[in-house]
Amino acid sequence: MDLKRRDFLKVIGATAAGSLLPGCANVETRKLIPYLLPDDEIVPGVANWYASVCRECEAGCGIIVRVMEGRAKKIEGNPTHPLNQGKLCAMGQASLQGLYNPDRIRGPLQRDGKRGEGKFKPISWDDGIARWVSELQKRPGGAVMISRPASGTLARLFSEFMRGISGELLFYHPSEDAPVRTANRLGFGIDFLPEYDLANATYLLSFGAPFVDHWLSPVHFGIAYGQMRQGRPTVRGEFVQVEPRLSLTAASADQWIPIRPGTEGLLAVGVGQIILSERRARLGKGDQKRFEDFYTRFSLDQIAAQTEVPRKEMIRLAREFSTAAAPLAIGGGIAAVQTNGTDTMMAINALNILVGNLGQPGGIRFFQPAQDFSSGEAAMVAEQALADVRGEFKQGSRSVLMLYQSNPLFTLPPSMKFGDVFDQAAFIVSFSPFMDDSTAMADLILPDHFFLESWGDYAQAGITPVPVVGLGQPVVNPLYDTRPVGDLFLIAARQYEGALKARLSWKDFKSMMEAQWKSFLNRQGVNQPFEAAWIERLQQGGWWGAQGKPISVSKRELPPSVASARFEGDEKTFPFYFYPFPSMNLHYGQGANRPWLQELPDTATTAVWGSWVEINTKTAARMGIHTGDVVRVISPFGQIEAPAVIYPGLRPDLISVPIGQGHTAYGRYAKGRGVNPLSILAPLFDERSGSLAAGGTRVRIEKTGKQGNLVLVDQTAEGKKRAPEGERGEA
Amino acid sequence: MALILRRWAGTLLALGVVVVALIIGFFYSQGSADLWGQDRQPIAFSHQVHAGQLQINCLFCHRGANISPTASVPPVYICMMCHKSLKDKTPEIDKLLTYWNKKEPIPWVRLQRLPDFVHFTHKMHLSAGFKCTDCHGQVAQMSQTPRAATYEMGWCVRCHERNRASKDCFTCHY
């Protein structure tokens, strides 16, 4: 290291001066400020733990929050919650940085200047609410609300309100899970998710399901996966992951099969055909003929050619799968985000039907979720539904856009032209606590509390074997001049005459929740006074019932068709498949304003604080690309530039980029950092679920000759690779 | 000349910093925080009167000491439990009433503060049978309250040795 004498002295001087600072500058720690009035619940120095529900993703884990002197300090999983059993993921841990985020919206704002200019000025709550309600009343039936999927009482409130004003309510969140849900609905006729019993499976065949990354509830399946591999004294479950890119989940598997993107359903059909032809299937009498007719339509050789999985390999998979004591097939991730996503998921479900694991331990089991707890009637929608909304705004049948913690301008590709809605809307109101990309376009912002400051409940629809309704309570007093979104909707309902006002007559959202819980607990036969039962539920963090019997599934549909996926962009000009994958830390960008999540290294590449382009080692060598070189990824719909990471864990004909960065707003940590790979996608959809086929756009890559400032944890400050232990480094 | 100055500027700067550091260090080692602190309490509260003459138990005011890591300073309300019905008027009691009427907490000056890398708990030491005076001195005889000990690591360790308490690093540094 080349350190000049003068630099050395500067450093010493600065250090010495710095060491004096705490004694002089930090006045706050030199005072002891007592309470004015003692608070019975607070002993200074002793922590209170409050149970609540995490709302950082859509899984709804139970949490307990450590609170000292009125400040939330640490979050852990709720040990008694059936979904996450005391565990919690990084996003949940980092939700504290949502609460204390310096870029939270601190009070109601109205647009100042042109729409989208990003200039806002404060407005009083009374004026803000009055303006919102008058805009709604000026345009009866003109409102569309795009909300993240709410649950429980809040979902019921939203849905009753929007029905009352003849508006449209869409529960939308970007994910790869819509085809999984749709396949269950079409294949088994059941609306909620099953328990995929990984814990008791002995052989797991997963087609892209990234269940330790972000699939459905990674915390729940992470625990189950641990059980499957190490929880039983004599059995270690085997696990094969089939997917074009090696995710963290694939990296945990016994075998990774890098299949050609979009052909996962064909492989499932191939495996199924072998199981049937070798007479290893455990089908009911009614199903035998139907299944044989279906499977004999396909040629194994063609499947092998299309999937690039050799016939021998398929036979081995089929035999291992069908002879296992408790086989289980699951699908998701990249296999789901294709134009044939739902068909693929149904073909994978058919494997479970073939080996007869429905309702069996270690298989797919549907358990009745909590009944009598109303979550309203609004269903979750996927991207296609938002494209339809665009049409409604264009025709002028809708003109008011309401956003609740949903960021369509970031999560939808510009090729869908959803920005038109923001241009054409007569009025846009957002209830988001953060200035995300879409909220920055709003005319009026009425910021909600952060979830750690709010009341809320969460009715679990599937996944757990017992019925669960989580109960969330404010663990700290609101930090800023924000208001619970539920209160706002109840205030607005009072401005309407007739049915709406009568149906939503509670004085605030908490009273509505208490009323809903009172009737719910009554029907569950809880014979305690409500006040006592309520406090008990708050302490436990919700209500969970006893495990019932799995529901018997009578409908067993095969996929209506099994074809290869369609791709946008011709193979000659755009030789690569492209997969933008949800980052484990940032998800679909929601985590980008939390520094803890930004600096959490990506598990495979160790990259932090930015975007990168994953390129296979062979491809990179052929094109002369090195780690850190900025490459341009070009699709028929746009281009992005980011530093390359040479990564052996993906097919040579695949390029992948993590989702989450590239915000145009969303606070100091997120804005202007990295690129958004969703921005170059084609408007392709999986027909049956309406979900965006994010894996359906082809790309080409170019060198730019520039060097990026890629930060990998696995390298020294000079950018050299760290030496393995016991060897000399390059530096 | 300018060249010479530039050559020596770094050294001079470093020397200056060292001298300042030495001076501050000297005051620190003399327990200067106490010298500066004790007369600057916003109210000249006397432990001699409260704990001595009136024989109020320490735990009546420092309610956290036996149940919490921190002993805690009493909420203003605790003072007022007695003072709202007392007729005595002194300038110092007037100050207390002013704080109370303005609904403001009293900004006491902190006399002792352990660095963040030390975890000390009052509760554990009281449970082990120590008296407040063992560490804080005979405050019942003092009208002003100085820092009674250095509260530095050597002081802790010597007592741990005398009482055969654990000297494992992780006892306090965790």
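User: When do two strands count as paired, and which residue of chain B stands opposite Leu32(A) in this predicted model?
Analyst: Two strands pair if DSSP finds at least two bridges between them. In this predicted model, 2 bridges join strand 1 of chain A, residues 31-32, to strand 1 of chain B, and the two strands run antiparallel. Within strand 1 of chain B, the residue that stands opposite Leu32(A) is Trp108(B).

User: Which element of chain B gives the most to the side of chain B that touches chain A?
Analyst: The contact draws 28 residues from chain B and 22 residues from chain A. On the side of chain B, at least two residues each come from helix 1 (2-29), helix 5 (76-83) and strand 1 (108-109). The element that gives the most, with 8 residues, is helix 1 of chain B.

User: How many residues on the side of chain B that touches chain A are nonpolar?
Analyst: Chain B brings 28 residues to the contact with chain A. When these are divided by character, 6 are polar and 3 are charged, while the nonpolar residues number 19.

User: Where does the strand fall in the order of elements of chain B?
Analyst: Chain B has 10 helices and 1 strand. Read from the N terminus, the order is α-α-α-α-α-α-β-α-α-α-α, which places the strand after six helices and before four.

User: What share of the contacts in chain B with a separation of 6 or more joins residues 24 or more positions apart?
Analyst: Chain B has 174 residues, of which buried residues make up 10%. Among its contacts with a separation of 6 or more, the share from residues 24 or more positions apart is 66%.

Terms used: Residues numbered from 1 in each chain as written. Chains lettered and ligands numbered in written order. Predicted model: local features only at pLDDT ≥ 70, side-chain atom pairs only at ≥ 80, totals over all residues. Contact = placed C-beta atoms within 7 Å. Nonpolar A, V, L, I, M, F, W, Y, C, P; charged D, E, K, R; others polar. Buried ≥ 20, exposed ≤ 12 C-beta atoms within 10 Å, placed from the backbone.
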